[in-house]
Amino acid sequence: MHLKSIELYGFKSFANKMVFKFEKGITAIVGPNGSGKSNVADAVRWVLGEQSAKQLRGSKMQDVIFAGTEARKPLGYCQVDLTIDNHDMKIPISYSEVTVSRRVYRSGESEYFINGTNCRMRDVLELFMDTGIGQEGYSIIGQGQIEKILSNKPEERRALFDEAVGIVKFKKRKESAEKK
Ligand code: ATP
Ligand code: MG
């Protein structure tokens, strides 16, 4: 399982369609301050279902849509497509390549797609649960998360272990069954 590409359209500072392709191994993204490096990480988090505008360094969800510049009008929606190689079938879906997409309009409405088929946010969350990739996973390690790992709060450390050993899915299902 490895991240093959990220396609951005209208996401934050990326007004033009932009494609990042990743080979196996390590990729470093470098650039001057404010050039959009963190926006790329935000895009990954966002397409995986991030619901908190604050986590994405905005105040409302629509803040991820290109807001315009003096020379360029704001856009009406944005979209991010994340393509992952799934030859090892770590993602529980019978495709060797998985593309997850999210689109948001100025109205605030979000749409999610798995390999081009419209789906619910929940489907995206379930797909990545226990793979370590989800927005709650440990594949994107932000500043706050380092603190969480080092934290003395056992329940916060426990959540990371649950994800790593692959039992989050079952816990969530149990929780939602108990609510019904
Ligand atoms: P640093 O090295 O300082 O961490 P960076 O490369 O991580 O910088 P980012 O934080 O990714 O930079 O990018 C910030 C830029 O993105 C700012 O110039 C900001 O104006 C722009 N930006 C953020 N949201 C939008 C938006 N909705 N529309 C247009 N531009 C945006
Ligand atoms: Mg940054």
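**Where is the place of Pro32?** In this predicted model, Pro32 sits in the loop that runs between strand E2 (18–21) and helix H1 (37–47).

**Figure 1. The whole chain, before we zoom in.** Start with the parts list: the protein chain has 5 helices and 6 strands. Read from the N terminus, these elements go β-β-α-β-β-β-β-α-α-α-α. The radius of gyration comes out at 17 Å, close to the 16 Å that the globule rule gives for 180 residues, so the chain is as compact as a globular protein of that length. Laid along its principal axes, the C-alpha trace spans about 50 × 40 × 40 Å. Of the 180 residues, 22% are buried. As for how the chain meets itself, take the contacts between residues at least 6 apart in sequence: 51% of them join residues at least 24 apart.

**Figure 2. A close-up of Pro32 and its loop.** Here we're looking at the loop between strand E2 and helix H1. Is Pro32 exposed or buried? Pro32 counts as exposed, because it has just 7 C-beta neighbours inside 10 Å, and the cut-off for exposed is 12 or fewer. Pro32 also belongs to a stretch that the UniProt record, an unreviewed entry, annotates as "binding site". That annotation takes in Pro32, Asn33, Gly34, Ser35, Gly36, Lys37, Ser38 and Asn39.

**Figure 3. A close-up of Ser38 in helix H1.** Ser38 is another residue under the UniProt "binding site" label, but this one lies in helix H1. Ser38 has 14 C-beta neighbours inside 10 Å, so it counts as partly exposed.

**Figure 4. A close-up of ligand 1 and its shell.** Which residues are the closest to ligand 1? They are Asn33, Lys37, Ser38, Asn39 and Ala67, out of 14 residues that surround the ligand. Among these names, Asn33, Lys37, Ser38 and Asn39 also carry the "binding site" annotation from the unreviewed UniProt entry. If you sort the shell by chemistry, you get 3 nonpolar, 8 polar and 3 charged residues.

**Figure 5. A close-up of Lys172 in helix H5.** Now we move along to helix H5 (residues 168–179), where Lys172 is found. Lys172 has 15 C-beta neighbours inside 10 Å, so it counts as partly exposed. How many residues apart in sequence are Lys172 and Ile93? They are 79 residues apart along the chain, and their C-alpha atoms are 19 Å apart in space.

Methods. Residues are numbered from 1 along each chain as its sequence is written. Chains are lettered from A and ligands numbered from 1 in the order in which they are written. This is a predicted model: local features need pLDDT of at least 70, side-chain atom pairs count only at pLDDT 80 or more; totals for chains, interfaces and linings use all residues. Helices (H or I, at least four residues) and strands (E, at least two) are DSSP runs, numbered from the N terminus. The radius of gyration is taken over C-alpha atoms; the globule rule is 2.2 Å times the number of residues to the power 0.38. A residue is buried if 20 or more other C-beta atoms lie within 10 Å of its own, exposed if 12 or fewer, and partly exposed in between; C-beta atoms are placed from the backbone. Two residues are in contact if their C-beta atoms, placed from the backbone, lie within 7 Å. UniProt positions are given in the numbering used here, feature names are shortened, and annotations may be inferred rather than shown by experiment. A residue is near a molecule or strand if its C-beta atom, placed from the backbone, lies within 6 Å of it. Ala, Val, Leu, Ile, Met, Phe, Trp, Tyr, Cys and Pro count as nonpolar, Asp, Glu, Lys and Arg as charged, and the others, Gly among them, as polar.
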